[in-house]
Amino acid sequence: MSLQRRTGLVKALNLFGPFIGLLLVIALFSLVPEVQGRFLRFANFKSVATQSVIVALGALGMTLIIISGGIDLSAASNIALSSVIAAYAVNAGLAPPVAVALGVLTGGLVGLANGALVTRLRLVPFIVTLGMMGIARGAAKWIAGNQKIDAPMTWINELMAKTPHPPWLLLAPGVWIVIVLAVVLAVLLRSSVFGRHVFAVGSNEATARLCGVRTDRVKVLVYALAGLFCGLSGVMEFSRLTVGDPTVAVGLELDIIAAVVIGGGSLSGGEGSILGTMVGVLIMSFLRNGCTMMGWPNYIQEIIIGAIIVVAVALDRLRHKGQ
Amino acid sequence: MAAGTSAAPVLRMSGVSKSFGATRALDGVGFDLVRGEVHALIGENGAGKSTMMKVLSGAVAPDSGRMEIDGRPYAPAGPLDGLRNGVAMIYQELTLAPHMTVEENVMLGREVRRAGRLDRAAMRRMVRETLDLVRHPEIALDVPVGRLSVGAKQVVEIARALVGRARILVMDEPTSSLPLEDSQRLFEIVRGLKDKGVSVVYISHFLEEVQRVADRFTVLRDGRSVGSGPMAGARLEDIIHLMVGRELKELIPRVEHDIGGTVLDVHGLRGARMASPVSLTLARGEILGIAGLIGSGRTEMLRALFGLDEVVGGTAVVSGRELAGRTPWTRIGRGLGLLSEDRQGEGLALNMSVADNLTLSDLAPYRRRGLLRPALQRRGAADWIGKLAIKTKGPAQAVGDLSGGNQQKVALARLLHQKAAVFLLDEPTRGIDVVSKSQIYEWIGGLAKEGKAVLFVSSYLPELLGISDRIAVFHRGALVEARPVSEWDAASLMAAATVGRAPRAAPVPPRSAG
């Protein structure tokens with residue numbers, strides 16, 4: 001009996017774990033008198049949402065990759081490269097939609113290259129993307145001539161405006177884009193044949209192959225798709241900074257991976273969810289936001305987030321034990 | 001061994017019970033182990049053998065009952081405590097560190113130190129002595145274990161158990177992953193240990209093997225000891241009867257079926273991992289048994305046929321059309337289905353649901369307007385769960401939670417679900433309980449009756465002889481013989497598998513129905 005109750009608890013933890021974490025973080029800061037007033041305001045939630053866009057887009061793609069049993073260490077470099085390409089295009093006088101498309105496509109190409117290398121050379125994703133991390137970062141610096149690329153203001157810069165242009169939007173366009181894409185991706189993962197195949201490849205690649213899943217094709221698609229998300233994330237980075245900066249987002253891939261893991265993604269593959277990942281992103285953003293309001297220095301934030309990653313993975317382990 | 005049984009037992013276990021939640025795994029089991037004997041512990045999966053041995057080794061604490069070693073009460077606090085009392089356990093899976101050397105593996109956790117540093121000389125001496133004890137002094141101490149053969153790995157594993165001066169050695173399915181030749185070697189080691197006064201508890205599914213190696217046996221059923229006695233003179237049928245309460249003949253049922261026209265015609269097929277080209281034909285409604293030693297090329301042929309290994313030569317024609325492409329995906333499209341010999345590693349994605357595992361090879365029926373409907377998928381899976389009597393809480397349960405027999409049924413149901421016409425079954429009954437085996441034989445017969453074609457690879461001769469129409473034998477990568485089943489018997493199959501040719505068995509009259 002107690003065993004059953006325990007699995008019930010584990011199940012609940014499984015479903016709501018990340019949510020409980022998010023509510024806990026919000027509740028914590030809401031109870032502190034010094035920041036209560038500023039923290040619990042719509043304007044603050046709005047800015048947290050906007051600050052989450054870049055990591056969120058990267059994490060959407062990373063969720064796919066991690067579920068398929070892979071990892072992408074080149075995500076942040078890819079974001080920087082894509083933002084530089086978008087800035088470069090605007091600077092060169094191309095129309096903003098073309099610049100956006102180029103930025104997104106650049107990300108997609110880097111992802112495609114990752115996927116092709118993983119499947120053709122049969123190298124582990126960790127190594128391939130570790131290499132790509134350097135290659136993409138170097139390419140970004142090269143194209144930008146090792147400095148920031150200034151670009152004239154266009155509507156691209158409004159994508160990340162805290163107060164959106166038609167005010168009835170309430171949230172920055174970038175936030176809406178994330179929400180729409182998250183819903184699309186969640187549907188794709190949960191209820192499409194491709195989604196099932198992604199889970200199957202991550203859960204047991206040999207089984208997937210045996211069942212006629214074209215595992216290489218699935219993996220290439222996963223990396224390419226994730227690359228497109230990084231490309232879009234790069235465009236948002238450019239939108240936020242108004243310049244193309246090749247040194248931006250260093251180390252951001254770890255935040256992205258952390259968000260997926262906090263949200264229930266398993267680095268051994270076969271597990272993870274878009275909703276979980278989005279909650280993971282918000283947990284980290286609210287923590288940063290709250291810590292900044294408290295006036296705590298950066299290093300405290302780093303320690304807290306580090307601890308949360310370990311706790312999240314420990315809970316994940318507990319969950320597996322219960323199963 | 002009559003003299004042995006009268007001696008005072010080195011271990012006595014009595015009235016041991018253990019429950020997990022609502023399930024009573026052990027219900028008052030007991031047995032005596034005599035010094036220097038090999039005692040077989042026999043029973044179906046779930047009979048309680050593993051739990052009993054976990055209690056013995058200290059990994060699980062019993063709810064009640066008592067154990068004595070040399071007449072003194074023995075209640076181990078944990079496996080380490082068990083080891084200190086001379087009880088060592090060798091598990092089904094090999095648990096060696098592949099990158100570390102033989103010496104390092106054997107001494108792992110028992111390293112000898114002198115003045116804070118590893119005393120290599122002392123350790124090497126101990127490992128040498130132990131390898132001598134198991135009669136394999138030829139194994140080099142400095143080779144990484146990963147480079148040894150499976151059989152040699154097992155010797156190292158045994159050495160590791162013995163280096164702590166174990167007096168009671170528990171071996172859980174020690175031959176399940178071994179090629180035949182290595183099994184022989186293992187039996188010799190076990191006999192050698194006996195002479196040195198070590199007592200061995202030997203757990204195995206292979207009754208013939210148990211008969212050869214054990215002095216006495218105890219049969220477990222539903223957590224109780226239902227029978228015990230000396231192995232010499234005991235009849236296999238009687239032991240099986242004790243295990244399941246049924247006769248052997250009923251356990252390999254033969255379903256009458258008619259053989260139709262050729263559906264699979266393999267000519268000179270050569271896969272990248274095959275030693276020589278293979279030709280064979282298979283008809284609708286036919287069960288073609290494939291015998292041969294492990295590693296003789298049976299699995300490699302199936303994998304090449306199914307597109308899992310690259311094909312480098314030859315042709316395979318299915319239903320009049322030559323197989324093109326080289327992926328399992330194209331093969332499934334042409335009506336082939338493969339059941340992997342490695343159920344846990346390849347056959348199933350253990351942490352995915354029963355429904356996902358069952359339907360993964362054909363998700364198309366569950367799509368509506370491009371979207372997959374999990375509810376439909378679960379309903380489709382539930383149908384097959386019912387038809388094959390798979391014991392599960394429901395289609396959403398993780399397949400890894402099921403028993404071995406039920407896992408195998410899920411893997412088989414997948415082939416039915418994908419509407420395969422040619423079934424490539426690689427050791428479909430390996431490691432599953434007798435009742436599930438029996439259901440699988442019946443099911444394979446049913447397939448043939450429906451006009452499906454079955455390639456049935458097996459290492460277990462009674463089942464090959466029991467359900468096949470024809471049997472072909474692999475020997476060192478080549479397919480040596482394909483004859484009607486009536487021209488084979490166990491001896492000629494073994495001869496063909498081990499020497500490559502066999503005297504024709506005297507034709508026997510066709511067996512009667514049933």
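Let's start with Val266(B), which sits opposite Leu280(B) of strand 14 in chain B. Those two residues belong to an antiparallel pair, strand 13 (residues 262-271) and strand 14 (residues 278-283) of chain B, held over five bridges. Before I go on, please keep in mind that this is a predicted model. The link from strand 13 to strand 14 of chain B is a hairpin, with six residues in the connection.

Strand 13 of chain B also pairs with strand 16 (residues 311-318) of chain B, again antiparallel, over six bridges. If you'd like a residue to click on there, Leu264(B) has Val318(B) as its bridge partner in strand 16 of chain B.

Now to an open sheet in chain B. What is the strand order? Six strands run 18-21-22-15-23-24, with mixed pairing. Strand 18 (336-339) and strand 24 (478-484) of chain B are the edges; each has a single partner strand, so one side of each has no neighbour in the sheet. From one strand to the next, the twist averages 15°.

Inside that order, strand 15 (residues 287-292) and strand 22 (residues 453-457) of chain B pair in parallel over four bridges. One bridge to look at is Leu288(B) with Leu455(B), the latter in strand 22 of chain B. Then there is a helix to add: helix 19 (residues 490-499) of chain B lies across strand 15, strand 23 (470-475) and strand 24 of chain B, and its angle to strand 23 of chain B is about 30°.

Next, please move to strand 9 of chain B. Is strand 9 (residues 168-172) of chain B largely enclosed or left open by the rest of the structure? Five of its five residues are buried, so strand 9 of chain B is largely enclosed. As a reminder, in a regular strand the side chains alternate between the two faces of the sheet. Here, Ile168(B), Val170(B) and Asp172(B) point one way from strand 9 of chain B, while Leu169(B) and Met171(B) point the other way, and all are buried. Yes, that list of buried residues includes an aspartate, Asp172(B).

What pairs with strand 9 of chain B? Strand 6 (residues 87-90) of chain B does, in the parallel sense and over four bridges. Strand 10 (residues 199-203) of chain B does too, running parallel with five bridges. Val170(B) is a handy place to see both pairings: it is the bridge partner of Met89(B), and it stands opposite Val201(B) of strand 10 in chain B.

One more stop in chain B, at Ile440(B), which is part of helix 17 (residues 434-449) of chain B. Ile440(B) has 21 C-beta neighbours inside 10 Å, so it counts as buried. Which residues does Ile440(B) touch, leaving out those up to four places away in sequence? They are Gln408(B), Leu412(B), Pro428(B) and Thr429(B).

Over to chain A for a helix pair. Two packed helices are described by the angle between their axes and the distance between the axes. For helix 3 (residues 42-67) and helix 7 (residues 173-190) of chain A, the axes come within 9 Å and cross at roughly 30°. Angles under 35 degrees count as roughly parallel, so helix 3 of chain A is roughly parallel to helix 7 of chain A. Their crossing is left-handed. On the helix 3 side, the contact residues of chain A include Val53(A), Leu57(A) and Leu60(A), and on the helix 7 side they include Val178(A), Leu181(A) and Leu185(A). By class, this contact of helix 3 with helix 7 in chain A has 10 nonpolar, two polar and no charged residues.

How do the two chains meet? Chain B puts 26 residues into the contact and chain A puts in 18 residues. Helix 12 (328-333), helix 13 (343-347) and strand 20 (371-372) of chain B each supply at least two residues of the chain B side. That side of chain B has 15 nonpolar, seven polar and four charged residues.

Last, some backbone angles for the torsion fans. Most residues other than glycine have a negative phi. Thr242(A) has a positive phi, near 65°, and lies in the loop between helix 10 (215-241) and strand 2 (243-244) of chain A. Asp222(B) has a positive phi too, near 50°, in the loop between strand 11 (216-221) and strand 12 (224-230) of chain B. With 14 C-beta neighbours inside 10 Å, Asp222(B) counts as partly exposed. Thanks, everyone!

Methods. Residues numbered from 1 in each chain as written. Chains lettered and ligands numbered in written order. Predicted model: local features only at pLDDT ≥ 70, side-chain atom pairs only at ≥ 80, totals over all residues. Pairing = 2+ DSSP bridges. Axes fitted to C-alpha atoms, helices over the stretch in contact; angles between N-to-C directions. Contact = placed C-beta atoms within 7 Å. Nonpolar A, V, L, I, M, F, W, Y, C, P; charged D, E, K, R; others polar. Buried ≥ 20, exposed ≤ 12 C-beta atoms within 10 Å, placed from the backbone. Parallel < 35°, antiparallel > 145°, perpendicular 65-115°, else oblique. Left-handed = near helix turned anticlockwise from the far one by under 90°.
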